[in-house]
Amino acid sequence: MSARPFSPVWVTLPGRPPRRVDSAFEALECLMGGWPITTNSTYRRAVQACRDAIDGFVPATKAREAFLDAARTIGATTSSKPDKHHDIAAAARASKGAFDGIVQL
């Protein structure tokens with residue numbers, strides 16, 4: 001069992017910050033961790049494709065395709081390249097805590 005990497009995709013779920021997903025394992029984490037709609041067939045297919053890719057039964061690209069289908073079904077924004085909104089979110093995460101311990105005068 002492995003993470004099964006694929007070409008990165010940036011996904012922005014409604015009401016959530018952008019997230020980079022670049023493996024079947026990360027896609028499965030995203031799907032299982034608070035996906036807004038879990039009652040449709042595209043969601044179930046994506047979960048199964050990710051599990052199958054992690055287990056080595058299908059190529060990781062199949063998991064990526066199914067994950068993107070599930071994301072589009074719920075109205076999530078997807079991109080294969082980061083845009084400035086993704087860059088801003090990444091910078092914010094990276095700098096979180098950068099000023100901890102500084103006392104303002």
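**Strands, helices and buried faces**

Student: Arg-4 lies in the segment before S1, and I would like to begin there: what phi does Arg-4 have?

Tutor: Before the value, a word on the model, which is predicted, with local features resting on pLDDT of at least 70, side-chain atom pairs on pLDDT 80 or more, and totals for chains, interfaces and linings on all residues. Residues are numbered from 1 along each chain as its sequence is written, and side-chain values use heavy atoms, leaving out hydrogens and water. Arg-4 has a positive phi of about 55 degrees, although it is not a glycine. With a relative accessibility of 25%, Arg-4 counts as partly exposed, a class between buried (under 20% relative accessible area) and exposed (over 50%), computed with a 1.4 Å probe on protein chains only.

Student: How many helices and strands are in the chain, and in what order do the elements run from the N terminus?

Tutor: Elements are DSSP runs numbered from the N terminus, helices being H or I runs of at least four residues and strands E runs of at least two. This chain has four helices and three strands, running β-β-α-α-α-β-α from the N terminus on. Of its 105 residues, 34% count as buried.

Student: How should I read the sheet, and what is the order of its strands?

Tutor: Two strands pair if DSSP finds at least two bridges between them. Here three strands make an open sheet in the order S2-S1-S3, with antiparallel pairing; S2 (19–23) and S3 (77–79) are the edge strands, each pairing on one side only. From one strand to the next, the twist averages 30 degrees.

Student: Which residues stand opposite each other when S1 pairs with S2, and which when S1 pairs with S3?

Tutor: S1 and S2 pair in the antiparallel sense over four bridges; Arg-20 in S2 is the bridge partner of Trp-10, and Pro-5 stands opposite Ser-23 in S2. These two strands also form a hairpin with six residues between them, and in its turn Gly-15 has a positive phi of about 75 degrees. On the other side, strand S1 (residues 5–12) joins S3 in the antiparallel sense over three bridges, where Thr-78 of S3 is the bridge partner of Val-11 and Thr-77 of S3 stands opposite Thr-12.

Student: Which helices lie on these strands, and at what angle do they run?

Tutor: Angles run from 0 to 180 degrees between N-to-C directions, with axes fitted as lines to C-alpha atoms, for helices over the stretch in contact, and contact itself means heavy atoms within 4.5 Å. H1 lies across S1 and S2, running at about 135 degrees to S2. Helix H3 (residues 60–73) packs on the sheet and touches S1, S2 and S3, its direction making about 10 degrees with that of S1.

Student: Arg-64 is in helix H3; is Arg-64 buried or exposed, and which residues does it touch?

Tutor: Arg-64 is buried, with a relative accessible area of 19%. Not counting residues up to four places away in sequence, Arg-64 touches Phe-6, Ser-7, Pro-8, Val-9 and Ser-80. Its C-alpha atom is separated by 6.8 Å from that of Ala-24, 40 residues apart along the chain.

Student: Why do the buried residues of H1 line one face of the helix?

Tutor: An α-helix has 3.6 residues a turn, so residues three or four places apart point the same way. In H1 the buried residues are Ala-24, Ala-27, Leu-28, Cys-30 and Leu-31. Seen down the axis of H1, they fall within an arc of 160 degrees, so they line one face of the helix; the arc is that of the directions from the helix axis to the C-beta atoms. These buried residues pack against S1, S2, H2 and H3. Just after H1, Gly-34 takes a positive phi of about 90 degrees.

Student: At what angle do H1 and H2 pack, and which residues meet?

Tutor: Helix H1 (residues 24–32) packs with helix H2 (residues 41–54) at an angle of about 145 degrees, and their axes are 9 Å apart. Ala-24, Phe-25, Ala-27, Leu-28, Leu-31 and Met-32 in H1 meet residues of H2, including Tyr-43, Cys-50 and Arg-51. By class, this contact of H1 with H2 has twelve nonpolar, no polar and one charged residues, where nonpolar covers Ala, Val, Leu, Ile, Met, Phe, Trp, Tyr, Cys and Pro, charged covers Asp, Glu, Lys and Arg, and polar the others, Gly among them.
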